[in-house]
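Work through the exercises below with the sequence and the model open side by side. Try each task before reading its solution.

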Amino acid sequence: MSVDFTFGGSMKAPLCVAPMFLVSNPALTLAACSRGVMGGFPAHSTRTREGFVQWLDEMAAGLAELENPGPWAVNLVVHGTNERLEGDLALCIERKIPIILTSKGAPKDVFSRIHDYGGLVFHDVASARHAEKAAEAGADALIAVASGAGGKTGTINPFALLNEIRDVTDKPIILAGGMSTGRDVFAAEAMGASLAYIGTRFIATKESLSDDYTQQMMIGCSAKDILFTTALSGAPQNWVRPTLIEEGIDPDALLAMKPGTTVKATAAKARYSKIKSAGQGIGMIKAVESAADLCDRIIAEYQDAKRSIATAG
Ligand SMILES: Cc1cc2nc3c(=O)[nH]c(=O)nc-3n(C[C@H](O)[C@H](O)[C@H](O)COP(=O)(O)O)c2cc1C
């Protein structure tokens with residue numbers, strides 16, 4: 001199935017406000033859609049199936065109020081270890097959620113069930129090998145998660161990653177990792193990406209679920225405060241260094257740990273809910289603002305960047 005990335009002319013810039021656990025919600029997603037970009041949230045940010053149903057109801061009601069909204073998506077962890085997968089997927093099928101953002105594994109049967117109702121699947125990949133597997137399983141687009149991304153990050157430079165993925169498949173690519181501005185969105189497009197996928201920049205927004213502590217922490221940090229380790233979650237992840245220190249975790253001790261070993265929250269006296277993840281774009285967060293205003297600004301910057309290149313020649 002080929003993807004129309006203008007989404008019927010509803011997109012004002014090739015931008016997706018990326019799904020973030022315990023950050024994204026219907027309010028943030030609707031803010032993105034209302035400004036003419038894509039938005040989405042993880043199903044697992046809701047603690048229960050009832051909570052998920054409520055969020056889907058909120059989306060339906062919010063979208064009904066909008067004229068020509070941008071597209072929206074639900075993020076599902078499609079790995080067998082996700083006990084909620086079957087029930088959450090059944091609900092997405094029943095509600096015909098237009099786009100499902102998938103991560104972990106690339107199960108063909110899950111992708112076909114989404115295609116059967118006309119849904120699209122965009123799948124997270126962090127290497128050419130992942131991309132090949134996801135393409136074979138039928139993903140409609142590949143979300144190339146480069147180094148410097150918030151959450152579970154990739155480790156490869158975005159230029160190298162996109163080039164290697166392009167070598168193995170002609171599926172559309174969505175670029176993720178470290179972008180913050182409309183100029184960055186334009187650069188992603190120039191690199192051949194169909195969409196720029198931005199998460200971190202939207203953590204400190206009025207619509208997001210993040211609390212005041214997290215948002216102020218984000219404002220005070222820059223790229224040097226981001227620590228990459230597999231030692232906390234077992235997966236490659238970028239963490240906000242001062243939030244580790246606050247919770248009694250010594251960042252330098254983490255870096256000295258043997259590859260493959262992880263530290264237990266209890267051993268570190270840490271409350272995992274207080275340890276925050278973000279990407280290297282964190283330095284561009286200057287204030288808490290409305291996501292709708294932020295989208296408008298990124299769109300305007302994107303259009304300016306496009307114009308300035310067009311007139312430069
Ligand atoms: C706090 C946080 C939580 C995230 N949670 C998820 C998640 O639940 N599912 C997912 O697919 N990606 C998640 N991500 C990754 C984003 O969807 C996206 O790939 C990433 O934010 C892009 O990089 P950037 O943060 O540098 O903009 C998360 C990112 C952050 C910062």
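**Exercise 1. Find what the buried residues of α1 pack against, and decide how enclosed the helix is.**

Solution. Start with the neighbours. The buried residues of α1 pack against β1, β2 (38–42), α2 (49–64), β3 (72–77) and α11 (291–312). Contact means heavy atoms within 4.5 Å. Helices (H or I, at least four residues) and strands (E, at least two) are DSSP runs, numbered from the N terminus.

Next, list the buried residues of α1: P26, L28, T29, L30, A31, A32 and C33. Buried means under 20% relative accessible area, exposed over 50%, and partly exposed in between (1.4 Å probe, protein chains only). Seven of the 10 residues of α1 (residues 26–35) are buried, so the helix is largely enclosed by the rest of the structure.

Finally, look past the helix end. G36 follows α1 and has a positive phi, near 90°.

A note on the basis: this is a predicted model, in which local features need pLDDT of at least 70, side-chain atom pairs count only at pLDDT 80 or more, and totals for chains, interfaces and linings use all residues. Residues are numbered from 1 along each chain as its sequence is written, and side-chain values use heavy atoms, with hydrogens and water left out.

**Exercise 2. Place V74, classify its burial and list its contacts.**

Solution. V74 sits in strand β3. Its relative accessibility is 0%, so V74 counts as buried. Leave aside neighbours within four places in sequence. V74 then contacts F41, A43, F52, L56, C92, I97, I99, I100 and L101.

Add a distance. V74 and E247 are 173 residues apart along the chain, and their C-alpha atoms are separated by 31 Å.

**Exercise 3. Describe the ligand site: its shell, its polar pairs and its cover.**

Solution. Count the shell first. The ligand is surrounded by 20 residues, and the closest are P19, N75, G178, G199 and T200. A residue is near a molecule if one of its heavy atoms lies within 4 Å of it.

Sort the shell by type. It holds nine nonpolar residues, 10 polar and one charged. Here Ala, Val, Leu, Ile, Met, Phe, Trp, Tyr, Cys and Pro count as nonpolar, Asp, Glu, Lys and Arg as charged, and the others, Gly among them, as polar.

Now take the polar pairs (N or O atoms within 3.5 Å; within protein, one must be able to donate a hydrogen and the other to accept it, and residues adjacent in sequence count only if both atoms are side-chain atoms).

- A ligand oxygen lies 2.7 Å from a polar backbone atom of P19.
- A ligand oxygen lies 2.8 Å from a polar backbone atom of G199.
- A ligand oxygen lies 2.6 Å from an N or O atom in the T200 side chain.

Close with the cover. On its own the ligand has 610 Å² of accessible area, and the protein covers 91% of it. Areas come from the Shrake-Rupley method with a 1.4 Å probe; for residues, only the protein chains shown count as cover.

**Exercise 4. Which residues of α6 are buried, and which are exposed on the other side?**

Solution. In α6 (residues 158–168), the buried residues are L161, L162 and I165. Seen down the helix axis, they fall within an arc of 95°, so they line one face of α6. The arc is that of the directions from the helix axis to the C-beta atoms. F159, N163 and D167 are exposed on the other side.

Check the cover. It includes β5 (120–125), α5 (128–136), β6 (141–145) and β8 (173–176).

Then inspect the N-terminal end. N157 caps α6 there: a side-chain oxygen lies 2.8 Å from the backbone nitrogen of F159.

Move on to the loop between α6 and β8, where T169 lies. At 10% relative accessibility, T169 counts as buried. Not counting residues up to four places away in sequence, T169 touches A131, A135 and L142.

**Exercise 5. F7 and K96 each have a positive phi: is each one buried or exposed?**

Solution. F7 is not a glycine, yet its phi is about 45°. F7 is found in the segment before β1 (15–17). Its relative accessibility is 16%, so F7 counts as buried.

K96 is not a glycine either, and its phi is about 50°. K96 lies in the loop between α3 (85–95) and β4 (99–103). Its relative accessibility is 53%, so K96 counts as exposed.
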